[in-house]
Amino acid sequence: FGSRCQLFLHKPVTRIMEDGGPWCVGDKCRVFSNSRATWYAGVVKEISEKAFTVEGQLIPVGAVRVKFSLGEKWIIPAELNVVLKKVRDETNDEETEIGTPAGVPRMMGLARGPGSPSGGDASPMAVDGYCKWKCGRKVQPGLTRGMRKFDTCCKKCGQCQGKEDKHDENCGGQSAAPVSVKNTGISAKAWLEKLLNDSSQMNAHVSQVFNKMAFGDVLQPPQVREIVASHLLDPVGRTLQVSDDILSQLMKRFDKDRKGGLNKAEFTSLCQVVLKERQESWFPPMLPAKSSMFVRKNPNHVEDVYIFGKMIGEGSFGKVYEVTHRVSGDRRVCKKIDKTKANMDMAEILGEIKSMAMLDHPNVIKVFEYFDDDIHVSQIMEPCNGGELQDKIQAMTDGKEPISEPFMRTVVKQTLRALAFMHGECFLHKDLKPQNIMFIEKGSLVIKVIDFGLTEMFEKDQAHAKNFGGTLLYIAPEVINVKFREKADIWSLGVILYQMITGTFPFMADWPCPKGADHWQRETAQIIMNKPMRNHPHLTDGRVSNECLELLKWMLQKDQNKRPSASECLDHVWFTTENEAAPTLSVGVTQCLEAYSTVSAVKKAVFLLIAHQCTAPALEELRQIFTFFDHHSTGKLDVRHIKDVLLSSGMPSLHAEKSIHALDMDNSGSVEWTEFLAGALCISVCHQVRWVDAAFSQIDHDSKGKISEKDIEMTFAGSEDSKGAWREGLSAEWKKINNSPDGLCTKERFREYVGERIKVLPGDLVRAVI
């Protein structure tokens, strides 16, 4: 990974094997026992080829049955990397030993034999954040490239298992660096584009290096080698290796008059070819792919793809069920809308799905796919098991503990981030209320904005939204006059903040109203438009800070021109004075982002699909990293800032540029949430059979167990322009994917393709960033 590059030598990409697999029957392993908090020696006895149930519990495809001294148990795919590891002869790096992670998930157990003595084949564990090898130093912060928390202080300590008191610069995160703006000189990508697109720039550069070495008008082979190897890439600080064989090929190709040397014109042609080859090697053409393309109608029956669990919700037009994907084992929810009862047509239902698909943000509910039959439209979405924000407000009004200001700040901040992203993408939510803000898990403060049934897309130069919509107590004054845009959502969030403080509404007529509901609605509308915010004791009793009240009043400005945008709200002192702990962009995550740049464009698209479809490991840690480095609160990472972040880790400039080029799959100048996940997860998911198989099933449109070149194109290409790019870019890669006489790729071959080894930047070349 120095400054020298091999010219024209394209070696096959290699991948680092992860601890979790692939698993085979007969493999020796270590199994973690939850009850005894101990690792035991075991052996793999069976791997499930299809989903089934045992004692009422789902055993998904890819689950592993292991036998060990306590008995036998099935381990589901989601837990393989956490509670099962292969027995190895030696430790290669800090990631090969995985002690007990915090909150080890419950495993599915079968008949268990008698207990064995404690200790047995126990593996050391990190305790209280200190290295598991008892060296007395703290573990590295953040995640390994396998998306687990570090349990060693550094790589060297892990290699010697703490026996030789060896440590490196990353020990305990002591070398972690803050982000700083790096002046790295010329961008290799921009420089190559300039030369290859501007003949005058090319001629000027070639003349400079030609005149440096030429004795007369002709360059001899040794001079050609010297210029190409040591001077051609001088502006970007790179050199090339030019072997005798390569030099011979170059001279044969460009020495047109066969006089044994190259004149200036011939040498210019050679330079154009060499620089073009560098451009294609470092910054290969990207195949356009967006996560929204994956949200489509599934032609199968919903019950054939998902196992239905209990009903968790019911409304006038449908029901909501817990469901489990039969291939991946991931748990989701299915919203079944009865078309015979719904008061909206199919276009409205599909419009909501399309809106959710286009809003790729960690605080916006994700939709995976939908099914459409004669009676129902079934939307498949990610679960939010922590309940609604309304539940918290209701508990407060019922006399339970008041909502704390830090809780309010966290909820409002995440909601504002979602709104800043939506508004930047020209979407209005139009029905923001506590019932439409949900927590992902009980006890978690991570929220998702849901219910996009009234969402409207607008043009940047459009004066007003076209359609009225919303819930009366949360709508802004300008909505009543149907002259509103995105700042109406800010008003709604202001009402929600007022509710969290007081338990009631800032603008509402008295209820019950003796004159009936219609009169109450008219009076409430007049209050929203003309009356000041209602006073409440909790606004003045010190329950919340003056900064909080200041933001509240700003968000509830009746004049939308004086009301702040979502981004302006996020710049308010209520948020900027918060002592929020900075997440660590660890060595492991940095390695993954760089490794992602080394795989083909087709495989990047497959990883994007997996990232969109899977329940990603360490998702909360990655969300924190993404939102922290989203400095402008746009819901995207600016490529210029991410370059500074990667350079601050010590990553070489060219590697940083290549990583950014790879992450920005749609060439938008920014990195979206799922694009970031694809890069961060590429190593940890490539051998997860259940997720790879789920991606295969998504591509296998006719469910025949084999996929074609056309299937891949249909999955990833959207517009006609992108279809053309995919046909051209897929052609060469398909020859590597397909190994069947019938021209089709089997599931087994697809697993091999996705699981090929990846080249990873050595961990001691980079450091953590905070």
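Two aromatic rings of Phe, Tyr or Trp, the last taken by its six-membered ring, are treated as a pair if their centres lie within 6.5 Å. On that basis, ring pairs link Phe-294, Phe-716 and Trp-726 into a cluster in this predicted model. The structure as a whole holds 16 aromatic pairs, and a search for salt bridges across the whole structure finds 29. Five cavities of 30 Å³ or more are also present. The points below take up the aromatic contacts, the charged pairs, the cavities and one helix that is largely enclosed.

**Aromatic rings and the charges over them**

- A pair of aromatic rings is described by the distance of the centres and the angle of the planes.
- One of the 16 aromatic pairs joins Trp-574 and Phe-575, whose ring centres are 5.2 Å apart and whose planes make an angle of 50°, so that the pair is classed as tilted, being neither under 30 degrees nor over 60.
- Both partners of this pair count as buried because their relative accessibility is under the 20% cut-off, with Trp-574 at 1% and Phe-575 at 4%.
- Two basic side chains are placed over aromatic faces: Arg-332 lies over the face of Phe-368, at 3.8 Å from the ring centre, and Lys-392 lies over the face of Phe-439, at 5.3 Å from the ring centre.

**Salt bridges**

- Among the 29 salt bridges, one brings together the side chains of Asp-372 and Lys-339, with an N to O distance of 2.7 Å.
- This bridge links distant parts of the chain, 33 residues apart, since Asp-372 belongs to strand S14 (residues 367–372), whereas Lys-339 is found in the loop between strand S13 (331–338) and helix H9 (346–358).
- Both residues of that bridge are partly exposed, Asp-372 with a relative accessible area of 28% and Lys-339 at 30% relative accessibility.
- Asp-693 and Arg-751 also meet through their side chains in a salt bridge, at 2.7 Å from N to O.
- Because Asp-693 lies in helix H24 (residues 689–699) and Arg-751 in helix H27 (residues 747–754), this bridge ties together parts that are 58 residues apart in sequence.
- The two ends of the H24 and H27 bridge fall into separate accessibility classes, as Asp-693 counts as buried at 1% relative accessibility, while Arg-751, with a relative accessible area of 28%, is partly exposed.
- A further salt bridge is formed by Glu-486 with Arg-485, where the closest N and O atoms are 3.0 Å apart.
- In this pair the cut-off of 20% divides the partners, because Glu-486, at 22% relative accessibility, counts as partly exposed, whereas Arg-485, at 18%, counts as buried.
- Beyond these pairs, a network of salt bridges links Lys-603, Arg-749, Glu-752 and Glu-756.

**Cavities**

- The largest cavity has a volume of about 90 Å³, and of the 16 residues that line this cavity, Lys-430, Gly-469, Ala-488, Asp-489 and Ser-492 are the closest to its centre.
- Helix H13 (residues 487–502) gives the most to the lining of the largest cavity, contributing three residues.
- The lining of the largest cavity is mixed in class, with eight nonpolar, four polar and four charged residues.
- The second largest cavity encloses about 70 Å³ of space, and the residues that line this cavity are Leu-585, Leu-593, Ile-625, Phe-629, Leu-637, Ile-642, Val-645, Leu-646, Leu-663 and Phe-676.
- By class, the lining of the second largest cavity consists of 10 nonpolar residues, with no polar and no charged residues.
- Helix H20 (619–629) and helix H21 (639–648) each supply at least two residues of that lining, and the largest share, three residues, comes from H21.

**An enclosed helix**

- Helix H22 (residues 653–663) is largely enclosed by the rest of the structure, because 10 of its 11 residues are buried.
- The buried residues of H22 are Leu-654, His-655, Ala-656, Glu-657, Lys-658, Ser-659, Ile-660, His-661, Ala-662 and Leu-663.
- Leu-663, listed among the buried residues of H22, is also one of the residues that line the second largest cavity.

Technical notes. Residues numbered from 1 in each chain as written. Predicted model: local features only at pLDDT ≥ 70, side-chain atom pairs only at ≥ 80, totals over all residues. Heavy atoms only, no water. Buried < 20%, exposed > 50% of the residue type's maximum accessible area, 1.4 Å probe, protein only. Lys NZ or Arg CZ within 6 Å of the ring centre and 35° of its normal. Salt bridge = Lys/Arg side-chain N within 4 Å of Asp/Glu carboxyl O. Helix = DSSP H or I, 4+ residues; strand = E, 2+ residues; numbered from the N terminus. 1 Å grid on protein atoms, 1.4 Å probe; cavity = no way out; pocket = protein on both sides within 12 Å on 5 of 7 lines; lining within 4 Å. Points joined across faces, edges and corners; volume = space filled by probe spheres on them. Nonpolar A, V, L, I, M, F, W, Y, C, P; charged D, E, K, R; others polar.
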